[in-house]
Amino acid sequence: MAPTTAISSDPGSASSSGIRTAIVPAAGLGTRFLPTTKAVPKELLPVVDTPGIEYVAGEAAEAGAKRLVIVVSPGKDAVARYFEPQPELEETLEQRGKTELLEKVRRAHGLLDVETAIQEEALGLGHAVSCAEPNLTPEDEAVAVLLPDDLVLPTGVLGRMARARARYGGTVLCAFDIPKEEISPYGVFDVADTDDPDVKKVNGMVEKPAPEDAPSTFAAAGRYLLDRAVFDALKRITPGAGGELQLTDAVALLIAEGHPVHVVVHRGGRHDLGNPGGFLRAAVDFALQHPEYGPDLREWLRGRVEE
């Protein structure tokens, strides 16, 4: 699947999608990218010339979000600073007539309003999401959560998830249809059909099942549209392995209590930026689509593979 690299600078209409606020958990240490991440947060590593977190923020803005809450660990404020204006740099580029570069530099801080929440300890994805609750307003009846390690291509799944929530209520998650023999590394949904082949009702979830034990071939991806009730559920679950609070446990509690949960099946592609191998694949994929770098890279790759 060819990537869609354009990033919208128009946040759109939150009222039309029901998404006002998006949460991006970015408190991790990036251990798989050490030693680089001693100094540079993983979320700011460039996929060609744009960091992954800007792609994720652009996706949230495209879906109608007005605010982005980045959950960071103490000392990791560089991730949020990336979205701040750089007046001196912008003035220099403008004076030198570098209009294309100027547009790129201004793009991130024009997407949406960015603020941070602090996760003092790494206690799981559920805990990270709960750290953003004080940033929410009474108008946030549901919040989007986007994992910055996942680039979901093409963009647009959050809009489909919002439409599913408008119809069915509750919480809506994103799923990929994975070949059964490749299902073991994923959280897998136990689902029932609806009248829409790409929307499934969730009855439960199994983490990393053997292929023969998987309840379906629909696996969790890094996009969530969570009803506000999830924050109450996060207060009532108990820590799992490693003392971590898992978001899936909170969703499972909501299901057990009759809260509607659905998945939207995304038929596109995905890149995992959470490990160097996946990051390299994303960089090559995006670079091949780049009008300046793509043609030469394609020819070089052909020759390199033949060697």
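Which residues does Leu225 touch, not counting residues up to four places away in sequence? I shall begin there, noting that the model before us is predicted. Leu225 touches Ile19, Ala142, Val143, Ala144, Met161, Ala162, Arg165, Thr171 and Val172.

Leu225 also belongs to the largest nonpolar core, which has 51 residues. Together with Ile19, Leu68, Ile70, Leu112, Leu146 and Met161, Leu225 touches the most other members of that core. Helix H2, residues 52–62, gives the most to this core, contributing six residues. Another core lies apart from it; this one has 35 residues, including Ala117, Val143, Val202 and Ile237.

Let me now turn to Phe33. Phe33 sits in the loop between strand E1 (21–25) and strand E2 (46–47). Is Phe33 buried or exposed? Its relative accessibility is 10%, so Phe33 counts as buried, the cut-off for buried being under 20%. Leaving aside residues up to four places away in sequence, Phe33 touches Lys42, Leu45, Leu273, Gly274, Asn275, Pro276 and Phe279. By contrast, the C-alpha atoms of Phe33 and Leu101 are separated by 28 Å, and the two residues are 68 apart along the chain.

I close with the cavities. The structure holds three of 30 Å³ or more, and the second largest has a volume of about 60 Å³. Lys42, Glu43, Leu45, Gly52, Pro148, Asp149, Leu273 and Phe279 line this second largest cavity. Its lining comprises four nonpolar residues, one polar residue and three charged residues. Lys42, Leu45, Leu273 and Phe279, named in this lining, are also among the residues that Phe33 touches.

Technical notes
Residues numbered from 1 in each chain as written. Predicted model: local features only at pLDDT ≥ 70, side-chain atom pairs only at ≥ 80, totals over all residues. Heavy atoms only, no water. 1 Å grid on protein atoms, 1.4 Å probe; cavity = no way out; pocket = protein on both sides within 12 Å on 5 of 7 lines; lining within 4 Å. Points joined across faces, edges and corners; volume = space filled by probe spheres on them. Nonpolar A, V, L, I, M, F, W, Y, C, P; charged D, E, K, R; others polar. Helix = DSSP H or I, 4+ residues; strand = E, 2+ residues; numbered from the N terminus. Buried < 20%, exposed > 50% of the residue type's maximum accessible area, 1.4 Å probe, protein only. Contact = heavy atoms within 4.5 Å. Core = buried A, V, L, I, M, F, W, Y, C linked by side-chain atoms within 4.5 Å.
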